[in-house]
Amino acid sequence: MTTAPSFPDSVAGLLEQARSAGGGLESLEAPPATRAELAHESSAIAATLCLRGVSSGDRVAIVSPNDATMVTAFFGIVSCASCAPLNPAYGRAEFDFYLDDLKPRLLVVYDALDTPAREAARVRGIECIELGRAPGLASGMVTLDGERPSTGAAAGQRLDEIALLLHTSGTTARPKLVPLTHRNLIHSARHIAATLSLGPEDRSLTVMPLFHIHGLVAGILAPLGAGGTVIVPPGFLAPSFATWLARFRPTWYTAVPTMHQAILERLSSADARAMRMQAPLRFVRSSSAAMTPQTIRDIEATLGVPVIESYGMTEASHQMSSNPLPPGERKPGSVGMAAGPEVGIMSASGVLLPPDEIGEVVIRGPNVTSGYLENPAANANAFTNGWFRTGDQGCIGADGYLTLTGRLKELINRAGEKVAPLEVDAVLAEHPAVAQALTFGMPHALLGEDVAAAVVAKPGAYVTEGELRGFVAERLAFFKVPRQIRIVAKLPVGATGKLQRRGMAERLGMVAEIPVISGDTTAARNAVEEIVAAVWSEILRVAVPGVHENFFALGGDSMLATRTVAQLGALLHVEMPLLAFFDAPTVAGVARTLEPLLAGDGANA
Ligand code: AMP
C-alpha cells in the first residue's frame with residue numbers, strides 16, 4: 001500500500017521529496033538527468049546566487065527560451081528568492097517596464113540569447129548573470145557566467161514566501177503583478193497531478209513556454225512533483241513534434257489549442273500517424289484558451305487518446321477546473337468541473353448564483369493568489385467576500401460542469417498569449433496623427449484571435465496603416481502589433497459612453513488572411529527562395545519547407561522570426577523589415593520582399 005506523500009516544505013521540496021521516485025529531466029541536446037542530479041544542481045545554483053548576495057525576499061528575473069537549464073535555474077532561484085521569468089521575445093521598452101516594476105536584485109539571461117534585456121538591466125545597475133549549458137553534462141546542468149555553480153548551503157524558503165512573480169495583462173494599461181507562494185504552487189501542482197493521475201511512470205513533453213504559468217506548473221511542477229519525467233524541447237515546433245513523440249515516448253503533453261491544431265495538421269499524414277503509434281500517450285491536455293468541440297473530436301480521432309480540456313489562469317497558479325480522465329465524462333464545450341479550488345458563479349452585485357445562471361466565474365482555494373502586489377485598487381475589484389473574480393463569464397450546470405460564455409475583461413487571446421488592448425491603444429495614441437485608437441481581437445484561423453485596431457486621425461492629419469504598424473512595432477513585442485489597422489471616421493460608443501471593443505472585428509469585416517497552403521511541397525523556384533527555405537529549415541529544424549507553407553504553422557514564433565530575419569540579413573547583406581516578414585510569412589512571400597532589396601543600391605549578395 002502506498003501512502004500519500006507529505007506536503008513538501010517548499011517548491012524545491014517537490015524534487016527532494018520524490019528523489020526516490022525516479023524520473024528526471026530530458027532534452028534533445030544532452031543525456032537525461034536523474035532527479036537526484038536535478039535536486040543537486042538546483043541547490044548548487046541557489047548556493048551560487050546566495051554567494052552573489054541574493055537573499056530571501058529578493059527578486060531574481062530570468063530571461064531564457066525553453067531549455068532544460070531554465071528548469072534547474074527556476075528551482076535554484078525559488079530556493080533562495082522569488083523568481084520572475086520574463087518573455088524572451090520582449091523588446092527594449094517592455095524590459096524597461098518590467099525591470100522597473102520588479103526591481104530585481106539580479107537578472108539571469110540565457111547566454112546564447114540576443115536580447116535587449118542585458119542593456120535594460122545595465123542602465124539600471126542590475127547585475128546580469130549568464131546562464132549556459134554545461135558542456136558534456138546531463139540535461140539541465142548549467143554554467144553561470146561560464147563557471148560551474150558552486151555547491152554550498154542556500155537559505156531555505158518557507159511555504160508562505162513568494163516563489164513566483166508573474167505579470168498579468170489586465171483591462172488596465174498597467175500589467176498587474178501576481179505573487180504566487182510556494183504553498184500556492186505546490187497545491188496547484190498537486191491538483192493537476194491528481195486530475196491527470198500523474199505518477200512516476202509518466203513522461204511529460206513540455207512544449208509550453210516556461211515564462212507562463214501553464215508551462216511552469218502543468219509542464220514542470222506537476223509531473224516532477226508526481227515523481228515523473230519531464231522532457232524539455234526548445235519550445236513548440238509542430239514539424240518536429242512527431243519525431244519527438246517517437247524519440248521520447250511521452251505519456252502526455254499539455255498545450256494551447258493552436259498548438260494542438262498545428263499538431264493535428266501534421267499528424268494527418270500516414271507517416272506521422274505511424275510515428276505516433278510508437279508513443280505510449282495516455283491523454284493530451286489543453287488549456288489557456290477555448291478549444292472547439294470539433295478540434296477535440298479531431299484530435300481524439302487522430303491520436304486515439306482522450307483530450308482533457310482544463311481552465312486555468314495565472315492568479316490561480318494555473319488550474320481551476322478540468323474535464324476528468326475516463327471513465328469520467330468529458331464534455332466538449334465545457335471546461336469541466338472544479339479541479340482544485342472551489343469554483344462559483346457570482347452576480348455583479350456579489351451574490352453567488354444557482355446552477356445554469358450566467359455570471360462571473362469566481363474561485364477560492366489554496367492555489368489562488370492572495371492579491372496583486374502594490375495594487376489596492378485592483379484588489380478591491382478582484383475580491384468579493386473572499387472569492388477571486390476571474391473576469392470570465394460562464395455558468396455551472398446542475399451536473400457541476402462549467403461552461404464559459406465570454407470574457408468580461410477584454411484581453412485578446414492570441415494563441416494563449418494575452419494582449420491587453422489598452423496597452424496597444426496607449427501606444428497608438430502616442431502617434432502625433434492619432435486622435436483616438438481602439439484595439440480589439442479579430443478571428444484568426446491559426447491563432448484563434450489576432451490583434452487588430454481602428455484609429456481616428458486628428459483633423460487634417462494623414463497617416464497610413466503601415467506607418468502606424470511600424471510605430472507600434474518599435475515600441476511593443478511583435479505579437480502585440482495589430483495585424484490590421486483601419487482608419488475610421490469615428491469609433492462606436494456604448495450607452496455609458498465607453499468605447500465598444502466587442503463586435504468591432506465583425507462590424508469592420510476584419511478577418512485575418514493567412515497565406516498558407518498546409519503541407520505544400522512546391523520546391524524553391526529561384527536562388528532567393530532556396531536560401532530562405534534553407535534558413536527556415538535550419539532555424540525551425542524541419543525538412544526544407546514548401547514555398548507556400550506558413551512559418552508560424554510550421555512552429556515558428558516571434559523570436560524565431562527575429563532570428564530568421566537576422567540570419568537572412570547577415571547572409572544576403574540586406575535589412576529586411578521584421579514586419580514585412582509577419583505580413584507574408586511564407587518562403588515565397590519573404591523572397592518576394594527580399595528581391596527588390598537585393599536589386600537595390602548597396603545590396604551585394
Ligand atoms: P492566463 O493568466 O494567461 O493563464 O490567462 C487566463 C485566461 O485564459 C482565463 O481567465 C480565460 O479567459 C482564458 N482561458 C484559460 N483556459 C481556458 C479555456 N479552457 N477555455 C477558454 N478560455 C480559457
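## Around the ligand

Strand S14 gives the largest share of the shell around the ligand, with five residues. Keep in mind that this is a predicted model. In total, 16 residues surround the ligand, and the closest are His212, Glu309, Ser310, Thr314 and Asp392. Sorted by character, the shell splits into six nonpolar, five polar and five charged residues.

## Polar neighbours of the ligand

Let's look at a few atom pairs. On the side-chain front, an N or O atom of His212 sits 2.9 Å from an oxygen atom of the ligand. Backbone atoms join in too: an N or O atom from the backbone of Ser288 is 3.1 Å from a ligand nitrogen, while a polar backbone atom of Gly312 is 3.5 Å from a nitrogen atom of the ligand.

How much of the ligand's accessible area does the protein cover? Of the 500 Å² that the ligand has on its own, 93% is covered by the protein. Strand S14 (307-313) and strand S21 (402-407) are the elements that give two or more residues to the shell.

## The sheet that holds S14

S14 also belongs to an open sheet of five strands, ordered S12-S13-S14-S15-S16, with mixed pairing. At the edges are strand S12 (254-255) and strand S16 (337-338), each of which pairs on one side only. S15 (residues 318-322) and S16 run antiparallel and are joined by two bridges. Ser321 has Ala338, in S16, as its bridge partner.

A helix comes into the picture here as well. Helix H6 (residues 182-195) packs on the sheet and touches strand S13 (284-286) and S15. The direction of H6 makes about 35° with that of S15.

Conventions:
Residues numbered from 1 in each chain as written. Predicted model: local features only at pLDDT ≥ 70, side-chain atom pairs only at ≥ 80, totals over all residues. Heavy atoms only, no water. Near = heavy atom within 4 Å. Polar contact = N/O pair within 3.5 Å; in protein donor to acceptor, adjacent residues only side chain to side chain. Areas by Shrake-Rupley, 256 points an atom, 1.4 Å probe, with all protein chains shown as cover. Helix = DSSP H or I, 4+ residues; strand = E, 2+ residues; numbered from the N terminus. Nonpolar A, V, L, I, M, F, W, Y, C, P; charged D, E, K, R; others polar. Pairing = 2+ DSSP bridges. Contact = heavy atoms within 4.5 Å. Axes fitted to C-alpha atoms, helices over the stretch in contact; angles between N-to-C directions.
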